[in-house]
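Here are some exercises to work through with the model open beside you. Try each task on your own, then check the steps below it.

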Amino acid sequence: MSAVSDPTGHVDDEDVVALLMRQHGQIRNLFDEAERATGDERREAFQCLVRLLAMHETAEEEIVHPLARTTHEGAGDVVDQRLKEEREAKEHLSRMEDMDIADASFPAELATLRRLVMAHARAEERYEFMHLRRFVDPERLRSMANAVKSAESLAPTHPHPGIESAKANVLLGPMAAITDRTRDAIRKAMGRNG
């Protein structure tokens, strides 16, 4: 079967691990943009980063982590550590959302966030994704990519520390997503990005 891609870069036979690793690359690129830019360009890059991180983590929490827990002995401990890292990054990101990007401390806070997020991504790739590829049927990994995309389309667009489990996301996520997307629409209509 040949891989066919669409204009967004999605490959039709892409599995969940490839999708999430591609998103990790997009996250790195958004950190680069936010660090290099100034003014409105920095604000826009940061808001894109916030949105991608919020949606990405929600989808992982709903779709990926529950399955990853079942792949091998000790997998639950691996997932618990990833959830702890996610919460720490969400808490930091949540505090940063209230900052003025022109604040002198913003670059240092962004560097701290980058360190937290990228350490988490490397740990996922090394300790979680590797086991998914090893123990989960390739067809299931491809179907999980579609489930992740669906979850992201309904996910909150801002961090919500404390909502890191699949159950919490299912129960509280939809209301948070509606609130976030309404807030985003109002800000956009008012000409504000942050």
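**Exercise 1: Contacts along the chain**

Task: Work out what share of the contacts with a separation of 6 or more comes from residues 24 or more positions apart.

Solution: Keep in mind that this is a predicted model. Start with the contacts in the protein whose partners have a separation of 6 or more, and pick out the pairs 24 or more positions apart; these account for 75%. Next, look at what the chain is built from: six helices and zero strands. Reading along the sequence therefore gives the pattern α-α-α-α-α-α. Finally, check burial: of the 194 residues, 44% count as buried.

**Exercise 2: Into the core**

Task: Find out which residues of the largest nonpolar core touch the most other members, and which helix gives the most to this core.

Solution: Go to the 21 residues of the largest nonpolar core; the ones touching the most other members are Ile27, Phe31, Phe46, Leu49, Leu110, Leu113 and Val117. Now see where the core comes from. Helices H1 (16–36), H2 (39–68), H3 (75–97) and H4 (106–135) each supply at least two of its residues. H4 gives the most, with seven residues.

Zoom in on leucine 110 and skip its neighbours within four places in sequence. You'll find it in contact with Phe31, Ala34, Glu35, Phe46, Leu49 and Met96. Apart from this core lies another one, of 18 residues, including Val16, Ala59, Val136 and Leu141.

**Exercise 3: One side of a helix**

Task: In helix H5, list the buried residues and say how wide an arc they cover around the axis.

Solution: First get a feel for the helix. H5 runs over residues 138–154, which is 17 residues, and reaches 25 Å from its first C-alpha to its last, close to the 24 Å expected. Its buried residues are Leu141, Met144, Ala145, Val148, Ala151 and Glu152. They cover an arc of only 130° around the axis, so they sit on the same side of H5. The spacing fits a general rule: an α-helix has 3.6 residues a turn, so residues three or four places apart point the same way.

One last stop is the N-terminal end of H5. Aspartate 137 caps it, with a side-chain oxygen 3.0 Å from the backbone nitrogen of glutamate 139.

**Exercise 4: Pairs of opposite charge**

Task: Count the salt bridges in the structure, then follow three of them and ask which parts of the chain they join.

Solution: The structure holds ten salt bridges.

- Step one: aspartate 15 pairs with arginine 133, and their closest N and O atoms are 3.0 Å apart. Aspartate 15 is in the segment before H1 and arginine 133 is in helix H4, so this pair ties together parts 118 residues apart in sequence. At a relative accessible area of 13%, aspartate 15 is buried, while arginine 133, at 42%, is partly exposed.
- Step two: arginine 114 and aspartate 32 meet through their side chains at 2.8 Å, N to O. Arginine 114 belongs to helix H4 and aspartate 32 to helix H1, so parts 82 residues apart in sequence are tied together. Burial counts as under 20%, so arginine 114 makes the cut at 19% relative accessibility. Aspartate 32, at 27%, is partly exposed.
- Step three: the side chains of lysine 90 and glutamate 61 form a salt bridge at 3.1 Å, N to O. Lysine 90 is in helix H3 and glutamate 61 in helix H2, 29 residues apart. Both residues are buried.

To finish, look for shared partners: salt bridges of that kind join Asp32, Glu35 and Arg114 into one network.

**Exercise 5: Two residues to place**

Task: Decide whether histidine 131 is buried or exposed, and do the placing for glutamate 91 too.

Solution: Histidine 131 lies in helix H4. Its relative accessibility is 13%, so histidine 131 counts as buried. Leave out residues up to four places away in sequence, and histidine 131 touches Thr71, His72 and Val136.

Over to glutamate 91, which is found in helix H3. With 31% relative accessibility, glutamate 91 counts as partly exposed. Now pair glutamate 91 with leucine 113: they are 22 residues apart in sequence, and their C-alpha atoms are 9.8 Å apart in space.

Terms used. Residues are numbered from 1 along each chain as its sequence is written. This is a predicted model: local features need pLDDT of at least 70, side-chain atom pairs count only at pLDDT 80 or more; totals for chains, interfaces and linings use all residues. Side-chain values use heavy atoms; hydrogens and water are left out. A nonpolar core is a set of buried Ala, Val, Leu, Ile, Met, Phe, Trp, Tyr and Cys residues joined through side-chain atoms within 4.5 Å. Buried means under 20% relative accessible area, exposed over 50%, partly exposed in between (1.4 Å probe, protein chains only). Helices (H or I, at least four residues) and strands (E, at least two) are DSSP runs, numbered from the N terminus. Contact means heavy atoms within 4.5 Å. The expected span of a helix is 1.5 Å times one less than its number of residues. The arc is that of the directions from the helix axis to the C-beta atoms. A polar contact is a pair of N or O atoms within 3.5 Å; within protein, one must be able to donate a hydrogen and the other to accept it, and residues adjacent in sequence count only if both atoms are side-chain atoms. A salt bridge is a side-chain nitrogen of Lys or Arg within 4 Å of a carboxyl oxygen of Asp or Glu.
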